[in-house]
Amino acid sequence: MLAAFLGFELIRRVSPLLHTPLMSLTNAISAIAVVGAILITGAKEASTLTRVLGFTAVVLSTINVVSGYLITDRMLKMFKKRGAEKK
Amino acid sequence: MMQSIFPVLYLFAAASFILAIKWMSSPTTARRGVIIGEIGMLLAVVGTLLRAEVVTYQWIFIAFLVGSAIGVPIAYYMPMTAVPQRTAFSHACGALAAALIGTAEYYRQMPHGVVMIALIVEMLLGFLTFTASMMAFGKLQETLPQRPITFKGQNFVNLGILALAIIIGVALILSPERTWLFPIFAVLSLVFGVLLIIPIGGADMPTVIALLNSYAGLSASAMGFAFDNKLLIVAGALDGSSGFILAVIMCKAMNRSFTNVLFGAFGTIQTTAKQTTERPVRSATAEEAAEILDSARKVVIIPGYGMAVAQAQHKLRELHDILTKRGIEVSFAIHPVAGRMPGHMNVLLAEADVPYDRLIEMDDINPEFPRTDVALVIGANDVVNPAARFEKDSPIAGMPILNVYEAQTVMVIKRSMNPGFAGIDNDLYYLDKTLMLFGDAKCFVSGIVKELNAVAAGS
(Lines give C-alpha, C1' and ligand atoms only; values in the text may rest on other atoms or scores of the structure.)
Protein backbone atom coordinates (compact mmCIF):
# COMPACT_ATOMS: atom_id res chain seq x y z
CA MET A 1 0.00 0.00 0.00
CA LEU A 2 2.72 2.39 1.00
CA ALA A 3 4.63 1.53 -2.14
CA ALA A 4 1.59 2.19 -4.29
CA PHE A 5 1.13 5.56 -2.67
CA LEU A 6 4.79 6.36 -3.08
CA GLY A 7 4.58 5.30 -6.70
CA PHE A 8 1.70 7.69 -7.26
CA GLU A 9 3.58 10.58 -5.76
CA LEU A 10 6.71 9.84 -7.72
CA ILE A 11 5.10 9.35 -11.08
CA ARG A 12 3.03 12.48 -10.88
CA ARG A 13 6.22 14.47 -10.88
CA VAL A 14 7.67 12.81 -13.96
CA SER A 15 7.34 15.07 -16.98
CA PRO A 16 5.62 13.72 -20.07
CA LEU A 17 8.94 14.14 -21.78
CA LEU A 18 10.14 11.02 -20.04
CA HIS A 19 7.02 8.91 -20.04
CA THR A 20 8.33 6.39 -22.52
CA PRO A 21 11.64 5.77 -20.75
CA LEU A 22 9.75 5.68 -17.48
CA MET A 23 7.53 2.99 -18.85
CA SER A 24 10.36 0.84 -20.02
CA LEU A 25 12.03 1.31 -16.67
CA THR A 26 8.99 0.20 -14.72
CA ASN A 27 8.81 -2.65 -17.16
CA ALA A 28 12.25 -3.72 -16.21
CA ILE A 29 11.40 -3.31 -12.57
CA SER A 30 8.33 -5.46 -12.88
CA ALA A 31 10.61 -8.16 -14.17
CA ILE A 32 11.45 -8.52 -10.50
CA ALA A 33 9.14 -11.47 -10.99
CA VAL A 34 12.41 -13.15 -11.83
CA VAL A 35 12.86 -13.57 -8.08
CA GLY A 36 9.79 -15.74 -7.86
CA ALA A 37 10.84 -17.61 -10.96
CA ILE A 38 14.25 -18.38 -9.50
CA LEU A 39 12.73 -19.62 -6.27
CA ILE A 40 10.57 -22.04 -8.20
CA THR A 41 13.14 -23.24 -10.69
CA GLY A 42 15.84 -23.75 -8.16
CA ALA A 43 13.76 -25.49 -5.54
CA LYS A 44 14.96 -28.90 -4.46
CA GLU A 45 11.75 -30.83 -4.78
CA ALA A 46 10.68 -29.22 -8.07
CA SER A 47 8.85 -31.54 -10.44
CA THR A 48 9.46 -31.48 -14.16
CA LEU A 49 6.35 -29.41 -14.70
CA THR A 50 7.27 -26.70 -12.23
CA ARG A 51 10.82 -26.71 -13.48
CA VAL A 52 9.72 -26.20 -17.07
CA LEU A 53 7.31 -23.45 -16.08
CA GLY A 54 9.88 -21.82 -13.84
CA PHE A 55 12.54 -22.05 -16.52
CA THR A 56 10.29 -20.36 -19.06
CA ALA A 57 9.46 -17.68 -16.52
CA VAL A 58 13.12 -16.99 -15.83
CA VAL A 59 13.80 -16.71 -19.56
CA LEU A 60 10.87 -14.35 -20.07
CA SER A 61 11.72 -12.09 -17.18
CA THR A 62 15.39 -12.02 -18.08
CA ILE A 63 14.39 -10.76 -21.51
CA ASN A 64 12.53 -8.00 -19.74
CA VAL A 65 15.29 -7.13 -17.35
CA VAL A 66 17.99 -7.02 -19.98
CA SER A 67 16.12 -5.32 -22.78
CA GLY A 68 14.23 -3.07 -20.38
CA TYR A 69 17.30 -1.55 -18.84
CA LEU A 70 19.30 -1.41 -22.03
CA ILE A 71 16.61 0.30 -24.00
CA THR A 72 15.84 2.79 -21.27
CA ASP A 73 19.47 3.67 -21.21
CA ARG A 74 19.57 3.95 -24.98
CA MET A 75 16.65 6.34 -24.95
CA LEU A 76 18.07 8.43 -22.17
CA LYS A 77 21.40 8.67 -23.89
CA MET A 78 19.61 10.52 -26.65
CA PHE A 79 18.19 13.03 -24.22
CA LYS A 80 21.48 13.35 -22.47
CA LYS A 81 23.53 14.02 -25.57
CA ARG A 82 21.47 17.08 -26.33
CA GLY A 83 21.75 18.48 -22.87
CA ALA A 84 25.51 18.14 -22.84
CA GLU A 85 25.85 19.77 -26.21
CA LYS A 86 23.96 22.81 -25.17
CA LYS A 87 26.07 23.56 -22.17
CA MET B 1 23.19 -15.66 10.07
CA MET B 2 23.12 -16.06 6.27
CA GLN B 3 19.36 -15.93 6.21
CA SER B 4 19.22 -12.61 8.02
CA ILE B 5 20.98 -10.68 5.28
CA PHE B 6 18.25 -11.33 2.73
CA PRO B 7 15.72 -8.89 4.13
CA VAL B 8 18.49 -6.30 4.10
CA LEU B 9 19.43 -7.05 0.50
CA TYR B 10 15.79 -6.89 -0.51
CA LEU B 11 15.32 -3.67 1.36
CA PHE B 12 18.22 -2.13 -0.53
CA ALA B 13 16.84 -3.41 -3.80
CA ALA B 14 13.41 -1.93 -3.08
CA ALA B 15 14.98 1.37 -2.09
CA SER B 16 16.98 1.49 -5.32
CA PHE B 17 13.82 0.95 -7.38
CA ILE B 18 12.15 3.84 -5.63
CA LEU B 19 15.17 6.04 -6.17
CA ALA B 20 15.31 4.91 -9.78
CA ILE B 21 11.80 6.12 -10.42
CA LYS B 22 12.38 9.30 -8.47
CA TRP B 23 15.39 10.15 -10.59
CA MET B 24 13.41 9.50 -13.72
CA SER B 25 11.59 12.76 -13.07
CA SER B 26 14.26 14.84 -14.71
CA PRO B 27 16.33 14.21 -17.85
CA THR B 28 19.50 15.18 -16.05
CA THR B 29 19.23 12.53 -13.37
CA ALA B 30 17.35 9.92 -15.38
CA ARG B 31 20.37 7.87 -16.38
CA ARG B 32 21.47 7.69 -12.81
CA GLY B 33 18.02 6.31 -12.18
CA VAL B 34 18.58 3.50 -14.66
CA ILE B 35 21.89 2.59 -13.09
CA ILE B 36 20.48 2.45 -9.59
CA GLY B 37 17.62 0.38 -10.96
CA GLU B 38 20.11 -2.08 -12.41
CA ILE B 39 21.93 -2.27 -9.11
CA GLY B 40 18.66 -2.95 -7.36
CA MET B 41 17.86 -5.75 -9.74
CA LEU B 42 21.32 -7.23 -9.32
CA LEU B 43 20.96 -7.19 -5.55
CA ALA B 44 17.58 -8.84 -5.78
CA VAL B 45 18.77 -11.58 -8.11
CA VAL B 46 21.97 -12.33 -6.26
CA GLY B 47 20.12 -12.24 -2.97
CA THR B 48 17.62 -14.73 -4.26
CA LEU B 49 20.25 -17.04 -5.73
CA LEU B 50 21.97 -17.23 -2.36
CA ARG B 51 18.85 -18.34 -0.57
CA ALA B 52 18.89 -21.74 1.00
CA GLU B 53 15.77 -22.85 -0.87
CA VAL B 54 17.55 -22.51 -4.17
CA VAL B 55 19.72 -25.54 -4.74
CA THR B 56 19.74 -26.24 -8.47
CA TYR B 57 21.54 -23.63 -10.46
CA GLN B 58 22.11 -25.03 -13.91
CA TRP B 59 18.62 -24.37 -15.24
CA ILE B 60 18.57 -20.87 -13.84
CA PHE B 61 21.81 -19.94 -15.52
CA ILE B 62 20.78 -21.46 -18.82
CA ALA B 63 17.59 -19.42 -18.59
CA PHE B 64 19.60 -16.26 -17.87
CA LEU B 65 21.70 -16.89 -20.93
CA VAL B 66 18.75 -17.60 -23.19
CA GLY B 67 16.90 -14.55 -21.89
CA SER B 68 19.88 -12.28 -22.40
CA ALA B 69 20.51 -13.72 -25.83
CA ILE B 70 17.00 -12.66 -26.80
CA GLY B 71 16.85 -9.45 -24.79
CA VAL B 72 20.09 -7.80 -25.85
CA PRO B 73 19.44 -7.84 -29.61
CA ILE B 74 15.92 -6.57 -28.99
CA ALA B 75 17.34 -3.63 -27.07
CA TYR B 76 20.02 -2.72 -29.57
CA TYR B 77 18.54 -3.42 -32.97
CA MET B 78 15.02 -2.27 -32.47
CA PRO B 79 14.25 1.01 -34.21
CA MET B 80 12.95 3.74 -31.95
CA THR B 81 9.68 3.87 -33.83
CA ALA B 82 8.98 0.34 -32.65
CA VAL B 83 9.12 1.30 -28.99
CA PRO B 84 5.37 0.90 -28.45
CA GLN B 85 5.48 -2.63 -29.84
CA ARG B 86 8.41 -3.56 -27.72
CA THR B 87 6.72 -2.21 -24.66
CA ALA B 88 3.63 -4.25 -25.40
CA PHE B 89 5.78 -7.30 -26.05
CA SER B 90 7.62 -6.84 -22.84
CA HIS B 91 4.38 -6.51 -20.90
CA ALA B 92 3.38 -9.79 -22.46
CA CYS B 93 6.62 -11.44 -21.37
CA GLY B 94 6.37 -10.12 -17.85
CA ALA B 95 2.74 -11.07 -17.49
CA LEU B 96 3.25 -14.55 -18.88
CA ALA B 97 6.18 -15.05 -16.55
CA ALA B 98 4.00 -14.08 -13.60
CA ALA B 99 1.19 -16.32 -14.75
CA LEU B 100 3.51 -19.29 -15.25
CA ILE B 101 5.08 -18.82 -11.85
CA GLY B 102 1.61 -18.76 -10.38
CA THR B 103 0.74 -21.95 -12.23
CA ALA B 104 3.89 -23.68 -11.10
CA GLU B 105 3.32 -22.63 -7.52
CA TYR B 106 -0.23 -23.87 -7.65
CA TYR B 107 0.69 -27.32 -8.86
CA ARG B 108 3.60 -27.50 -6.45
CA GLN B 109 1.87 -26.60 -3.24
CA MET B 110 -1.90 -26.51 -3.67
CA PRO B 111 -1.86 -23.63 -1.21
CA HIS B 112 -4.87 -22.56 0.81
CA GLY B 113 -6.24 -19.32 2.14
CA VAL B 114 -4.51 -16.01 1.57
CA VAL B 115 -1.75 -17.46 -0.54
CA MET B 116 -4.26 -19.01 -2.91
CA ILE B 117 -6.15 -15.73 -3.20
CA ALA B 118 -2.93 -13.96 -4.12
CA LEU B 119 -2.08 -16.69 -6.61
CA ILE B 120 -5.45 -16.46 -8.29
CA VAL B 121 -5.19 -12.69 -8.59
CA GLU B 122 -1.70 -13.06 -9.95
CA MET B 123 -2.70 -15.60 -12.54
CA LEU B 124 -5.86 -13.81 -13.59
CA LEU B 125 -3.95 -10.58 -14.21
CA GLY B 126 -0.99 -12.40 -15.64
CA PHE B 127 -2.90 -14.45 -18.19
CA LEU B 128 -5.19 -11.67 -19.29
CA THR B 129 -2.34 -9.17 -19.56
CA PHE B 130 -0.40 -11.68 -21.60
CA THR B 131 -3.00 -12.12 -24.32
CA ALA B 132 -4.08 -8.49 -24.13
CA SER B 133 -0.50 -7.35 -24.63
CA MET B 134 0.01 -9.75 -27.49
CA MET B 135 -3.11 -8.33 -29.13
CA ALA B 136 -1.85 -4.80 -28.52
CA PHE B 137 1.48 -5.84 -29.99
CA GLY B 138 -0.26 -7.22 -33.06
CA LYS B 139 -2.24 -4.05 -33.52
CA LEU B 140 0.80 -1.83 -33.14
CA GLN B 141 2.81 -3.99 -35.49
CA GLU B 142 -0.13 -3.79 -37.87
CA THR B 143 -0.32 -7.52 -38.25
CA LEU B 144 -3.82 -7.13 -36.84
CA PRO B 145 -6.32 -4.55 -38.01
CA GLN B 146 -5.99 -1.32 -36.06
CA ARG B 147 -9.65 -0.54 -36.37
CA PRO B 148 -11.71 -1.51 -33.39
CA ILE B 149 -13.54 -4.78 -33.86
CA THR B 150 -16.92 -4.75 -32.23
CA PHE B 151 -19.89 -7.03 -32.18
CA LYS B 152 -23.29 -6.96 -30.61
CA GLY B 153 -23.42 -7.65 -26.92
CA GLN B 154 -19.66 -7.42 -26.73
CA ASN B 155 -19.53 -5.86 -23.31
CA PHE B 156 -22.00 -8.43 -22.09
CA VAL B 157 -19.88 -11.29 -23.38
CA ASN B 158 -16.69 -9.75 -22.03
CA LEU B 159 -18.06 -9.15 -18.59
CA GLY B 160 -19.63 -12.58 -18.60
CA ILE B 161 -16.32 -14.23 -19.30
CA LEU B 162 -14.57 -12.15 -16.69
CA ALA B 163 -17.26 -12.97 -14.16
CA LEU B 164 -17.01 -16.66 -14.97
CA ALA B 165 -13.24 -16.56 -14.59
CA ILE B 166 -13.62 -14.85 -11.24
CA ILE B 167 -16.23 -17.35 -10.06
CA ILE B 168 -13.99 -20.25 -10.96
CA GLY B 169 -11.13 -18.43 -9.31
CA VAL B 170 -13.15 -18.16 -6.13
CA ALA B 171 -14.07 -21.82 -6.35
CA LEU B 172 -10.39 -22.64 -6.63
CA ILE B 173 -9.62 -20.48 -3.64
CA LEU B 174 -12.23 -22.32 -1.59
CA SER B 175 -10.94 -25.73 -2.55
CA PRO B 176 -7.65 -25.73 -4.47
CA GLU B 177 -7.86 -29.51 -4.88
CA ARG B 178 -10.29 -29.15 -7.75
CA THR B 179 -7.48 -29.18 -10.26
CA TRP B 180 -9.79 -29.76 -13.21
CA LEU B 181 -11.08 -26.24 -12.75
CA PHE B 182 -7.65 -24.73 -13.15
CA PRO B 183 -7.21 -25.05 -16.94
CA ILE B 184 -10.68 -23.57 -17.42
CA PHE B 185 -9.70 -20.65 -15.27
CA ALA B 186 -6.52 -20.08 -17.25
CA VAL B 187 -8.27 -20.30 -20.61
CA LEU B 188 -11.03 -17.90 -19.55
CA SER B 189 -8.45 -15.37 -18.38
CA LEU B 190 -6.58 -15.70 -21.65
CA VAL B 191 -9.75 -15.27 -23.70
CA PHE B 192 -10.79 -12.24 -21.70
CA GLY B 193 -7.43 -10.62 -22.47
CA VAL B 194 -8.06 -11.02 -26.20
CA LEU B 195 -11.60 -9.72 -26.00
CA LEU B 196 -10.49 -6.77 -23.93
CA ILE B 197 -8.26 -5.46 -26.68
CA ILE B 198 -10.07 -6.17 -29.94
CA PRO B 199 -12.57 -3.34 -29.54
CA ILE B 200 -9.83 -0.83 -28.84
CA GLY B 201 -8.67 1.36 -31.69
CA GLY B 202 -5.22 2.68 -32.45
CA ALA B 203 -5.88 6.06 -30.91
CA ASP B 204 -6.50 4.54 -27.50
CA MET B 205 -3.33 2.51 -27.49
CA PRO B 206 -1.39 4.88 -25.22
CA THR B 207 -3.97 4.40 -22.50
CA VAL B 208 -4.19 0.69 -22.95
CA ILE B 209 -0.45 0.19 -22.86
CA ALA B 210 -0.22 2.18 -19.69
CA LEU B 211 -3.03 0.14 -18.22
CA LEU B 212 -1.40 -3.14 -19.18
CA ASN B 213 1.78 -1.89 -17.60
CA SER B 214 -0.20 -1.41 -14.45
CA TYR B 215 -1.71 -4.91 -14.61
CA ALA B 216 1.68 -6.51 -15.12
CA GLY B 217 2.92 -4.69 -12.06
CA LEU B 218 -0.07 -5.64 -9.96
CA SER B 219 0.39 -9.23 -11.01
CA ALA B 220 3.96 -9.14 -9.74
CA SER B 221 2.72 -7.54 -6.57
CA ALA B 222 0.15 -10.30 -6.05
CA MET B 223 2.96 -12.78 -6.53
CA GLY B 224 4.77 -11.00 -3.74
CA PHE B 225 1.85 -11.73 -1.43
CA ALA B 226 1.79 -15.35 -2.54
CA PHE B 227 5.48 -15.80 -1.84
CA ASP B 228 5.45 -13.54 1.16
CA ASN B 229 8.18 -11.55 -0.52
CA LYS B 230 8.18 -7.85 0.35
CA LEU B 231 10.44 -6.87 -2.51
CA LEU B 232 8.02 -8.27 -5.06
CA ILE B 233 5.14 -6.47 -3.41
CA VAL B 234 6.94 -3.15 -3.41
CA ALA B 235 8.34 -3.36 -6.92
CA GLY B 236 5.06 -4.62 -8.30
CA ALA B 237 3.09 -1.91 -6.58
CA LEU B 238 5.46 0.75 -7.88
CA ASP B 239 4.97 -0.55 -11.36
CA GLY B 240 1.26 -0.94 -10.93
CA SER B 241 0.72 2.57 -9.70
CA SER B 242 3.00 4.10 -12.28
CA GLY B 243 1.11 2.38 -15.06
CA PHE B 244 -2.16 3.39 -13.54
CA ILE B 245 -1.18 7.02 -13.20
CA LEU B 246 0.02 7.11 -16.78
CA ALA B 247 -3.27 5.62 -17.89
CA VAL B 248 -5.14 8.26 -15.93
CA ILE B 249 -3.04 11.01 -17.48
CA MET B 250 -3.78 9.59 -20.93
CA CYS B 251 -7.47 9.40 -20.22
CA LYS B 252 -7.51 12.95 -18.99
CA ALA B 253 -5.73 14.01 -22.14
CA MET B 254 -8.62 12.60 -24.11
CA ASN B 255 -11.33 13.62 -21.69
CA ARG B 256 -12.55 10.07 -21.40
CA SER B 257 -13.03 7.78 -18.50
CA PHE B 258 -11.43 4.41 -18.04
CA THR B 259 -14.61 2.54 -18.66
CA ASN B 260 -15.15 4.56 -21.77
CA VAL B 261 -11.80 3.57 -23.19
CA LEU B 262 -12.18 -0.06 -22.25
CA PHE B 263 -15.80 -0.64 -23.12
CA GLY B 264 -17.02 2.21 -25.28
CA ALA B 265 -14.75 1.77 -28.30
CA PHE B 266 -15.03 4.49 -30.88
CA GLY B 267 -16.23 1.78 -33.21
CA THR B 268 -19.88 2.18 -32.38
CA ILE B 269 -19.84 5.84 -33.28
CA GLN B 270 -17.77 5.52 -36.37
CA THR B 271 -20.55 4.54 -38.67
CA THR B 272 -22.55 7.65 -37.81
CA ALA B 273 -19.63 10.01 -38.12
CA LYS B 274 -19.05 9.17 -41.77
CA GLN B 275 -18.21 11.98 -44.11
CA THR B 276 -21.31 13.22 -45.88
CA THR B 277 -20.03 15.56 -48.55
CA GLU B 278 -16.77 16.07 -50.36
CA ARG B 279 -15.54 19.47 -49.38
CA PRO B 280 -12.84 21.40 -51.21
CA VAL B 281 -9.39 21.70 -49.70
CA ARG B 282 -6.43 23.78 -50.72
CA SER B 283 -3.25 21.94 -51.40
CA ALA B 284 0.28 23.14 -51.94
CA THR B 285 3.65 21.92 -53.16
CA ALA B 286 6.91 21.70 -51.29
CA GLU B 287 8.19 24.92 -52.90
CA GLU B 288 5.17 26.88 -51.80
CA ALA B 289 5.39 25.41 -48.32
CA ALA B 290 9.07 26.32 -48.11
CA GLU B 291 8.33 29.88 -49.14
CA ILE B 292 5.66 30.28 -46.51
CA LEU B 293 7.89 28.80 -43.83
CA ASP B 294 10.75 31.05 -44.87
CA SER B 295 8.68 34.20 -44.45
CA ALA B 296 7.36 33.14 -41.06
CA ARG B 297 8.78 34.28 -37.77
CA LYS B 298 7.31 31.68 -35.47
CA VAL B 299 6.70 28.10 -36.52
CA VAL B 300 5.15 25.36 -34.43
CA ILE B 301 5.51 21.79 -35.60
CA ILE B 302 2.89 19.28 -34.44
CA PRO B 303 4.07 15.72 -34.89
CA GLY B 304 1.80 12.71 -34.64
CA TYR B 305 1.80 9.03 -35.35
CA GLY B 306 2.22 9.72 -39.07
CA MET B 307 5.65 11.11 -38.37
CA ALA B 308 6.59 7.91 -36.60
CA VAL B 309 5.32 5.75 -39.45
CA ALA B 310 7.19 7.76 -42.07
CA GLN B 311 10.32 7.95 -39.88
CA ALA B 312 10.33 11.65 -40.62
CA GLN B 313 11.91 12.77 -37.36
CA HIS B 314 15.43 13.19 -38.74
CA LYS B 315 14.23 15.26 -41.64
CA LEU B 316 12.22 17.34 -39.21
CA ARG B 317 15.35 18.02 -37.26
CA GLU B 318 16.99 19.29 -40.44
CA LEU B 319 13.99 21.48 -41.01
CA HIS B 320 14.24 22.74 -37.46
CA ASP B 321 17.94 23.47 -37.86
CA ILE B 322 17.65 25.32 -41.12
CA LEU B 323 14.71 27.41 -39.97
CA THR B 324 16.42 28.25 -36.70
CA LYS B 325 19.51 29.28 -38.62
CA ARG B 326 17.39 31.66 -40.62
CA GLY B 327 16.21 33.32 -37.42
CA ILE B 328 12.84 31.65 -37.26
CA GLU B 329 11.58 30.46 -33.92
CA VAL B 330 10.70 26.78 -34.12
CA SER B 331 9.04 24.71 -31.45
CA PHE B 332 7.39 21.32 -31.31
CA ALA B 333 3.97 20.95 -29.75
CA ILE B 334 3.50 17.60 -28.10
CA HIS B 335 0.03 16.39 -27.30
CA PRO B 336 -0.02 13.90 -24.42
CA VAL B 337 -1.58 11.17 -26.55
CA ALA B 338 0.24 11.84 -29.80
CA GLY B 339 1.61 8.58 -31.11
CA ARG B 340 0.98 5.15 -29.74
CA MET B 341 2.29 5.32 -26.23
CA PRO B 342 2.92 7.92 -23.56
CA GLY B 343 5.87 10.08 -24.53
CA HIS B 344 6.24 8.43 -27.93
CA MET B 345 6.90 11.67 -29.81
CA ASN B 346 9.46 12.89 -27.31
CA VAL B 347 11.55 9.80 -27.73
CA LEU B 348 11.49 9.93 -31.51
CA LEU B 349 12.42 13.59 -31.64
CA ALA B 350 15.13 13.05 -29.07
CA GLU B 351 16.47 10.27 -31.24
CA ALA B 352 16.74 12.78 -34.05
CA ASP B 353 18.63 15.15 -31.74
CA VAL B 354 15.94 17.75 -31.43
CA PRO B 355 16.77 19.67 -28.26
CA TYR B 356 14.27 18.63 -25.64
CA ASP B 357 13.63 22.18 -24.51
CA ARG B 358 12.02 22.77 -27.91
CA LEU B 359 9.41 20.13 -27.16
CA ILE B 360 6.52 21.92 -25.56
CA GLU B 361 3.54 20.42 -23.81
CA MET B 362 -0.01 21.14 -24.76
CA ASP B 363 -0.93 23.53 -21.96
CA ASP B 364 2.16 25.62 -22.51
CA ILE B 365 1.93 25.85 -26.26
CA ASN B 366 -1.76 26.53 -26.68
CA PRO B 367 -1.62 30.22 -25.71
CA GLU B 368 1.14 30.59 -28.30
CA PHE B 369 -0.88 29.59 -31.33
CA PRO B 370 -2.51 32.97 -32.05
CA ARG B 371 1.01 34.40 -32.32
CA THR B 372 2.18 31.56 -34.52
CA ASP B 373 2.70 32.27 -38.18
CA VAL B 374 2.78 28.71 -39.39
CA ALA B 375 1.58 25.58 -37.68
CA LEU B 376 2.95 22.54 -39.45
CA VAL B 377 0.98 19.40 -38.66
CA ILE B 378 2.76 16.17 -39.50
CA GLY B 379 0.80 12.99 -39.29
CA ALA B 380 -1.35 14.18 -36.43
CA ASN B 381 -5.10 14.29 -36.76
CA ASP B 382 -7.47 13.91 -33.86
CA VAL B 383 -5.28 15.89 -31.50
CA VAL B 384 -5.70 18.98 -33.69
CA ASN B 385 -9.34 18.48 -34.60
CA PRO B 386 -11.32 21.57 -33.63
CA ALA B 387 -14.45 19.44 -33.53
CA ALA B 388 -13.33 18.34 -30.08
CA ARG B 389 -13.82 21.91 -28.92
CA PHE B 390 -16.80 23.09 -30.93
CA GLU B 391 -19.03 20.18 -31.81
CA LYS B 392 -20.85 18.80 -28.84
CA ASP B 393 -21.99 15.62 -30.54
CA SER B 394 -18.59 14.75 -31.93
CA PRO B 395 -17.22 11.46 -30.59
CA ILE B 396 -14.14 13.30 -29.40
CA ALA B 397 -16.03 16.25 -27.91
CA GLY B 398 -14.32 17.68 -24.87
CA MET B 399 -10.96 16.10 -25.64
CA PRO B 400 -8.28 18.70 -25.04
CA ILE B 401 -6.61 19.58 -28.32
CA LEU B 402 -3.80 21.68 -29.61
CA ASN B 403 -5.35 24.93 -30.81
CA VAL B 404 -3.75 24.71 -34.19
CA TYR B 405 -6.70 26.41 -35.84
CA GLU B 406 -5.70 29.67 -34.14
CA ALA B 407 -2.44 29.90 -36.03
CA GLN B 408 -2.14 32.34 -38.95
CA THR B 409 -1.47 29.59 -41.44
CA VAL B 410 -1.87 25.88 -41.00
CA MET B 411 -0.06 23.34 -43.11
CA VAL B 412 -0.92 19.69 -42.84
CA ILE B 413 1.24 16.93 -44.23
CA LYS B 414 -0.90 13.89 -44.76
CA ARG B 415 -0.91 10.89 -46.99
CA SER B 416 -4.51 11.26 -48.04
CA MET B 417 -7.82 12.64 -46.88
CA ASN B 418 -8.61 9.47 -44.97
CA PRO B 419 -9.85 10.23 -41.49
CA GLY B 420 -7.63 9.38 -38.55
CA PHE B 421 -7.87 6.41 -36.27
CA ALA B 422 -10.88 7.74 -34.48
CA GLY B 423 -12.52 7.79 -37.90
CA ILE B 424 -13.64 11.38 -37.58
CA ASP B 425 -13.51 14.01 -40.25
CA ASN B 426 -11.36 16.99 -39.37
CA ASP B 427 -12.71 20.48 -40.04
CA LEU B 428 -9.25 21.90 -39.73
CA TYR B 429 -8.49 20.68 -43.22
CA TYR B 430 -11.23 22.75 -44.80
CA LEU B 431 -10.29 26.11 -43.30
CA ASP B 432 -9.28 28.84 -45.73
CA LYS B 433 -5.93 29.25 -44.05
CA THR B 434 -5.15 25.56 -44.23
CA LEU B 435 -2.87 24.14 -46.86
CA MET B 436 -2.86 20.41 -47.37
CA LEU B 437 0.48 18.93 -48.30
CA PHE B 438 -0.29 15.50 -49.66
CA GLY B 439 2.48 12.97 -49.56
CA ASP B 440 4.73 10.88 -47.43
CA ALA B 441 5.81 12.93 -44.43
CA LYS B 442 9.49 12.13 -44.85
CA CYS B 443 9.63 12.89 -48.58
CA PHE B 444 7.67 16.07 -48.13
CA VAL B 445 9.75 17.42 -45.31
CA SER B 446 12.94 16.65 -47.18
CA GLY B 447 11.43 18.43 -50.19
CA ILE B 448 10.86 21.51 -48.06
CA VAL B 449 14.35 21.29 -46.62
CA LYS B 450 15.82 21.11 -50.10
CA GLU B 451 13.90 24.18 -51.18
CA LEU B 452 14.96 26.09 -48.10
CA ASN B 453 18.57 25.13 -48.67
CA ALA B 454 18.31 26.45 -52.21
CA VAL B 455 16.89 29.72 -50.90
CA ALA B 456 19.61 29.91 -48.29
CA ALA B 457 22.28 29.37 -50.91
CA GLY B 458 20.76 32.01 -53.16
CA SER B 459 20.50 34.78 -50.62
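Reader: Which residues of α3(A) meet which residues of α2(B)?

Author: On the side of α3(A) they are A:V34, A:V35, A:I38 and A:L39, and on the side of α2(B) they are B:M41, B:A44, B:V45, B:T48 and B:L49, where contact means heavy atoms within 4.5 Å. The residues of this contact divide into 8 nonpolar, 1 polar and no charged, with Ala, Val, Leu, Ile, Met, Phe, Trp, Tyr, Cys and Pro counted as nonpolar, Asp, Glu, Lys and Arg as charged, and the others, Gly among them, as polar. The model is predicted, so that local features need pLDDT of at least 70 and side-chain atom pairs count only at pLDDT 80 or more, whereas totals for chains, interfaces and linings use all residues. Residues are numbered from 1 along each chain as its sequence is written, chains are lettered from A and ligands numbered from 1 in the order in which they are written, and side-chain values use heavy atoms, with hydrogens and water left out.

Reader: Why are α3(A) and α2(B) called roughly parallel?

Author: Helix α3 of chain A (residues 33-42) and helix α2 of chain B (residues 30-49) pack at an angle of about 15°, with their axes 10 Å apart. Angles run from 0 to 180 degrees between N-to-C directions, and the axes are lines fitted to C-alpha atoms, for helices over the stretch in contact. Angles under 35 degrees count as roughly parallel, over 145 as roughly antiparallel, 65 to 115 as roughly perpendicular and the rest as oblique, and therefore α3(A) and α2(B) are roughly parallel to each other. Their crossing is right-handed, the near helix being turned clockwise from the far one by less than a right angle, while anticlockwise would make a crossing left-handed.

Reader: What makes α3(A) oblique to α3(B)?

Author: The axes of α3(A) and helix α3 of chain B (residues 58-77) come within 8 Å and cross at roughly 140°. That angle belongs to none of the named ranges, which makes α3(A) oblique to α3(B). Here A:V34, A:I38, A:T41 and A:G42 in α3(A) meet B:W59, B:I60 and B:F64 in α3(B), and by class the contact has 5 nonpolar, 2 polar and no charged residues.

Reader: Why are α4(B) and α5(B) described as roughly antiparallel?

Author: Helix α4 (residues 83-109) and helix α5 (residues 113-141) of chain B pack at an angle of about 155°, with their axes 7 Å apart. The pair is therefore roughly antiparallel. By class, the contact of α4(B) with α5(B) has 19 nonpolar, 8 polar and 2 charged residues, and the crossing of these two helices is left-handed.

Reader: How do you know that B:S189 is buried?

Author: Buried means under 20% relative accessible area, exposed over 50%, and partly exposed in between (1.4 Å probe, protein chains only); B:S189 has a relative accessible area of 1% and is therefore buried. B:S189 lies in helix α7 (residues 181-197) of chain B and, leaving aside neighbours within four places in sequence, is in contact with B:L124, B:F127, B:L128, B:T131 and B:A165.

Reader: Why are B:S221 and B:S241 called buried?

Author: B:S221 has a relative accessible area of 8% and therefore counts as buried, and B:S241, with a relative accessible area of 4%, is buried by the cut-off as well. B:S221 lies in helix α8 (residues 205-227) of chain B and touches B:L232, B:I233, B:G236 and B:A237, not counting residues up to four places away in sequence. B:S241 is found in helix α9 (residues 230-254) of chain B; B:S241 and B:Y215 are 26 residues apart in sequence and 9.3 Å apart in space, C-alpha to C-alpha.

Reader: What makes B:P367 exposed?

Author: The relative accessible area of B:P367 is 56%, and B:P367 is therefore exposed. This residue lies in the loop between α16 (362-365) and β4 (374-378) of chain B, and B:P367 and B:F12 are 46 Å apart in space, C-alpha to C-alpha, and 355 residues apart in sequence.

Reader: How many helices and strands does chain A have, and how many come in chain B?

Author: Chain A has 4 helices and 0 strands, whereas the secondary structure of chain B comes to 18 helices and 6 strands, where helices (H or I, at least four residues) and strands (E, at least two) are DSSP runs numbered from the N terminus. Buried residues make up 68% of the 87 residues in chain A, and of the 459 residues of chain B, 58% count as buried.
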